[in-house]
Amino acid sequence: MSSIEAACEALDAHVREIVQWHMSPETGTPVWLDWASERGGDAAGSIGGFADLVECFGNFDGERLRTESHEYWRPRAFADRPFNIFETGGTTGMPKQRIGWDDYKEDYEAFSATLSDASFPPGGYWLMIGPTGPRRLRLAIEHLANFRGSSCYFVDLDPRWVKKLLRAGQGDQAKAYMEHVIDQALSIIKHRDVDVLFTTPRLLEKLGEHISIPDAGIKGVFCGGTEMSPQTVRFLIEEVLEEEVAFHPTYGNTLMGLAASRPLSKEDGYAITYYAPQPRAVLRVTNPKRPDELVNHGEWGRVELTTLTREFFMPRFLERDEARRCEPTADHPWDGVGEVRPFGASEHKIIEGVY
Amino acid sequence: MAEVPHIPVLRGGREYVSLDTIELFSHRESGGTPVATVSQANAGIIRRDMKKAARRASLLRERPVAELVEACQRAASIFMEEELPLGAAETGGGSQGPADYVESLSATSGLPHTLCRANMLKVASVMENMPRILKGLMRGMELDVLDGGTGKHGDVPVWYTPNADALGAVLPSNSPGVHSLWVPAIALKTPVVLKPGREEPWTALRIARALMAAGIPEEAFSLYPTDHEGGATVLESCGRSLLFGDARTTAPYVNNAAIEVHGPGRSKVIFGADEIANWEEYLEVLVTSVAGNSGRSCINASTILVPSHADEIAAALAERLVEIEPAQHTGDDARLAAFANPALAEMMDAGITAGLEQAGAVDLTAGLRGGGRLRQFEGASYLLPTVIRCESLDHALARTEYMFPFTSVVEVPIDGMLEALGESLVVSAITRDPELVSQLGRSSQIHRLNIGPIPTTQVEWDQPHEGNLFEFLYTRRALQRASSWN
């Protein structure tokens, strides 16, 4: 059996386990118990793998996460444990909310295995510059630092405010706010021994306009939040990080967790390809006009996320991103998503913010 | 020339091949092979490079001005005649001679070869005549004031200091002649940071290569083909910048003293009551003012104001302008430029058609040309010359400017002429009336005033009409030295 076939089998087994968990009377989640009841018969049993999941579920309506009660999404297995409430990133208005317990710890502990001790040294200090507030990311980064024996400083950036400023045409205010954020980060870096950064590409670039990041003692950076073109990645690696600091792009959000990037190289043209933490989450690149179909490898399509954990089951949510469908690799024997960018970016300019 | 040259970013003269690229195609061949791949600079690169601006400026400032002026003069013939590097060395290099330059420029800008060569001559003329141009910009002051900052202007002591370590220029794609405006910055010891128009990287690169070949340090030239954000970064990060664009593009910067805005010109020809009866003698001035350089310049007349005879003038002008038709782009008789972006031509045509639906305006060229204003020729889109007779300046088409030969003719009472002008880059006033000439001479809304039958497009470069580059780049300050310290 090839590694790709093995990964498919493992995914199918995981799908069966998670669907059973969310639809069983003992452990199940009200929203999915209702779904099973409406479907009738042995609804959970009819889902034997990921292909059945695609067959049985349409695209998930994300609006439900804005309007439905948290209790409706709380698995009975966690009835006696209070939950965290996490919100999605940079939207305005009522945010999507996801409840959770330990998922973020599991996701980031798995991610930790991809980081080297040389670039992300245990026992040091980290600095996160970016959206904290109600986001899962804030706790996740702190947990990741702690898991690696480190502690983390935080400088917040509120992306919702930045988006409001940009939409109101107040670009100067947005820039002033970003300078305010950078000033705070510079203070921490100046007065404390920070060796790891988590931030966004824009903030990293801005930081690099004020200081030499390697000279400041930073050894490793991981970066996410907005799209990164190959040219942006090259610029960050070659010039901002002066080819001396390890650079790990990440793709993630409150609903999925964290997807790691294939190792970057000049020979690959610095193109980023992300691989979901399968089987806990599955990323597919779908035909924008016929979302049940995948595009061919190498073609562009809309990113679809399925989250499959005991805390949260969300089938086939269409992200607001598009990507190129990439081939499996030896380390990740399932499809990757490459050159992720906002959905429709090729046709019109998307406000991604100054952050 | 390489088959498909890859035009690099120049970072202080150093070639940089970006992973972000665009392809340029000939406007005459839909779906054809690209004529160039152009590296695109991300804004971060520009911000990072600008940290080196002071050091790069010092390399120019340490050269005597006389040496820089001579290099500019040498560059004129190099620009006109020599084979110069085009493609990035790491992508196979390639070079471009003057004929290739004209062909490439024509392919992506829509200009016929005649107008490419005319613009080329304009640029070379500025290089060649640099001493006279600097004399005009510096009001006759000795040029060596630039070497030490101090000297005398006549018998008046002066001290000038630079305002910026670089001159930024966000340039258009429509007419390469505008590059003439930034070239003197090099002789004024100021490096340039150029953001070329998307479709026209050719001219900025060729001028830079010619000046480098003539001995100007390569560090004085940064060329950033880039997006909107990159353009804004050029404007923000250079101490002084020139911005070319339409009213929407330039509006956010009109009150920024560090940015000299070159927007719509709204140039005009006006007649005094004393000469209006002789209008037929001046028809050629009108034709050249409207249609010179295919109407692409901000110094082309877009409105003609007359105290009487508007109907006859508009009709006669229309008869002359309809003679200008699309011609083979390589031909010596080609006077009309194609639109590199056909959608833009369609949009302008639709805008004029919509304007004509409002009462008070008639297209006098429509009946003469036979067929619509929008014409396909050699696979390209053209807008044919258009003369609109407007009953009032309040009509939407009376003050509209387009990048093809387009003008309105409006009758205005002579005592309301000055008020009717509004902001005008160039006014050619065909009058000997001393009172009107005096009034025009006091106007703060006219940037270049031609008295007599001078086309609006005729420019004497030693008299700048849209800002004085020397005064933009340098500030006079006061310096006193105790006599006992000499």
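A residue is called buried at under 20% relative accessible area, exposed at over 50%, and partly exposed in between (1.4 Å probe, protein chains only). The model is predicted, so local features need pLDDT of at least 70 and side-chain atom pairs count only at pLDDT 80 or more, while totals for chains, interfaces and linings use all residues. Residues are numbered from 1 along each chain as its sequence is written, chains are lettered from A and ligands numbered from 1 in the order in which they are written, and side-chain values use heavy atoms, with hydrogens and water left out.

**Exercise 1. Describe the aromatic pair Phe470(B) and Tyr474(B).**

Step 1. Rings of Phe, Tyr and Trp (its six-membered ring) pair if their centres lie within 6.5 Å; planes under 30 degrees apart count as stacked, over 60 as edge-to-face and the rest as tilted.
Step 2. For Phe470(B) and Tyr474(B) the centres are 5.4 Å apart and the planes make 25 degrees, which is stacked.
Step 3. Phe470(B) and Tyr474(B) are both buried.

**Exercise 2. Work out which parts of chain A the pair Phe57(A) and Phe313(A) ties together.**

Step 1. Over all chains the structure holds 28 aromatic pairs. Phe57(A) with Phe313(A) is edge-to-face, at 5.7 Å centre to centre and 85 degrees between the planes.
Step 2. Helices (H or I, at least four residues) and strands (E, at least two) are DSSP runs, numbered from the N terminus.
Step 3. Phe57(A) is in the loop between helix H3 (50-56) and helix H4 (64-67) of chain A, and Phe313(A) is in strand E12 (residues 313-326) of chain A, so the pair ties together parts 256 residues apart in sequence.
Step 4. Both Phe57(A) and Phe313(A) are buried. Ring pairs also link them into a cluster whose members include Trp32(A), Trp35(A) and Phe317(A).

**Exercise 3. Find the largest nonpolar core and the helix that gives the most to it.**

Step 1. A nonpolar core is a set of buried Ala, Val, Leu, Ile, Met, Phe, Trp, Tyr and Cys residues joined through side-chain atoms within 4.5 Å.
Step 2. The largest has 95 residues, and Leu197(A), Leu204(A) and Phe247(A) have the most contacts inside it.
Step 3. Helix H8 (residues 171-191) of chain A gives the most to this core, namely seven residues.
Step 4. A second, separate core has 73 residues, among them Leu24(B) and Met141(B).

**Exercise 4. Lay out the seven-stranded sheet of chain B and place strand E21 in it.**

Step 1. Two strands pair if DSSP finds at least two bridges between them.
Step 2. The sheet is open, with mixed pairing and the order E17-E20-E21-E16-E15-E22-E23.
Step 3. Strand E17 (361-363) and strand E23 (446-451) of chain B are at the edges with a single partner strand each, so one side of each lacks a neighbour in the sheet.
Step 4. E17(B) and E20(B) run antiparallel, joined by three bridges; Val362(B) is opposite Arg389(B).
Step 5. Strand E20 (residues 386-390) of chain B pairs with E21(B) in the parallel sense over five bridges, and Val387(B) faces Thr407(B).
Step 6. Strand E16 (residues 301-306) of chain B is also parallel to E21(B), with four bridges; there Thr303(B) stands opposite Ser408(B).
Step 7. Five of the six residues of strand E21 (residues 406-411) of chain B are buried.
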